[in-house]
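Biologist: Hi! I have a new structure open and could use some company while I look around. Shall we go through it together?
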Amino acid sequence: MSAATSTYGEVTLSIDGPVATLTLRRAAKLNALTPEMLEALGGHLATVAGSDARVVVLRGEGPKAFCVGADITRFEGLTPVQMLAWTGLGHQVFDALAALRQPTVAVVHSLAFGGGLELALACDLRVAAATARLGLPEVGLGTVPGWGGTERLTELVGRARAKDVVLARRTVDGPTAEAWGLVNTCVSAEDLDPAVDDLVSRLAAGAPVAVTLAKQLIDAAADGAPARILERFAGAVTSATEDLATGIAGFRTGTPPQFAGR
């Protein structure tokens, strides 16, 4: 199946079979995010949510940066009311990314600062190159992380390390990010794409209904929902799917199941 590609506001969406790829295309500005890019990303996310894609990959164009965050020139001089609107738009889009039914993977090949790191944190999984650099330097500019970084970073690395990154403006390299749990996998720059391909293949091979439910169960558990109740209902839902029958048949015959998502 050939890829279907659409570009809007310096953000490209390509859907090739089970994989949807979102790419920030503002390499000359290190993929710094503008309001227009956030709106474009939000529009593409709505398309992905209604598509047959099973996995979503998020990338930044160019060798220098995944994304260095908000375009500072666009929020310089904003009034408090305007800043509320700016941060609100980011939260809306990043929350939509986090809420996608499909698993999402951020490919952090280089710099991920400020809103760029927050964008990666809104994904389910992160794969980083060893040469990547990650940080939240906002207090050095006289402001604070505004797109979920204080919450999502703390969930991943704990309160003390989050304070180190935010308050002391510590830049974390790829290996340290992996050791802290900030990224799932860290590999050499040469091995980054193969590692992403392997992860995407594993995610896409799962039964789509079960993957969606399992993602929601994990997120609900992180918010304190009781697994003993939700897992029973989710299991009941999967029992009525064709995919479960396909998976059982594949187990019995020793052949990889081909799930239809029904």
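Biologist: Let's start just after H5: which residue takes a positive phi there?
Modeller: Happy to help! Keep in mind that this is a predicted model. The residue you want is Gly-158, which has a positive phi of about 95° just after H5.

Biologist: And H5 itself, which of its residues are buried?
Modeller: H5 covers residues 149-157, and its buried residues are Gly-149, Arg-152, Leu-153 and Val-157. Looking down the axis of H5, you find these buried residues within an arc of 110°, so they line one face of the helix.

Biologist: What about the other side of H5, buried or exposed?
Modeller: Exposed: you'll find Glu-151 and Glu-155 there.

Biologist: Which helices do the buried residues of H5 pack against?
Modeller: They pack against four stretches: helix H3 (80-98), helix H4 (115-121), helix H6 (159-167) and helix H7 (174-180).

Biologist: Let me zoom in on Leu-153. What does Leu-153 touch?
Modeller: Leaving aside residues up to four places away in sequence, Leu-153 touches Leu-121, Leu-136, Gly-158, Ala-162, Val-165, Val-166 and Leu-182. Leu-153 also belongs to the largest nonpolar core, which has 50 residues. Together with Phe-66, Val-108 and Leu-134, Leu-153 is among those that touch the most other members.

Biologist: Which element gives the most to that core?
Modeller: That would be H1, with 6 residues. There is also a second, separate core of 14 residues, including Val-55 and Leu-192.

Biologist: Switching to strands now. Why is E3 described as largely enclosed?
Modeller: Because 5 of the 6 residues of E3 (residues 19-24) are buried, the strand is largely enclosed by the rest of the structure.

Biologist: How many bridges join E2 to E3?
Modeller: There are 6, and the two strands run antiparallel. One pair to look for is Ile-15 with its partner Ala-20 in E3. The hairpin has 2 residues between the strands, and Gly-17 takes a positive phi near 65° in it.

Biologist: What sense does the pairing of E3 and E4 take, parallel or antiparallel?
Modeller: Parallel, over 6 bridges, with E4 at residues 55-60. Thr-21 has Val-57 in E4 as its bridge partner. To get from E3 to E4 the chain passes through helix H1 (residues 35-49), in a right-handed β-α-β crossover.

Biologist: Last one: how many disulfides are there?
Modeller: Searching the whole structure gives 0 disulfides. As for cysteines, Cys-67 is buried at a relative accessible area of 0%, and Cys-186 counts as buried too, at 16%.

How values were computed
Residues numbered from 1 in each chain as written. Predicted model: local features only at pLDDT ≥ 70, side-chain atom pairs only at ≥ 80, totals over all residues. Heavy atoms only, no water. Disulfide = S-S within 2.5 Å. Buried < 20%, exposed > 50% of the residue type's maximum accessible area, 1.4 Å probe, protein only. Arc of directions from axis to C-beta. Contact = heavy atoms within 4.5 Å. Pairing = 2+ DSSP bridges. Right-handed = clockwise from strand over helix to strand, strands pointing away. Core = buried A, V, L, I, M, F, W, Y, C linked by side-chain atoms within 4.5 Å.
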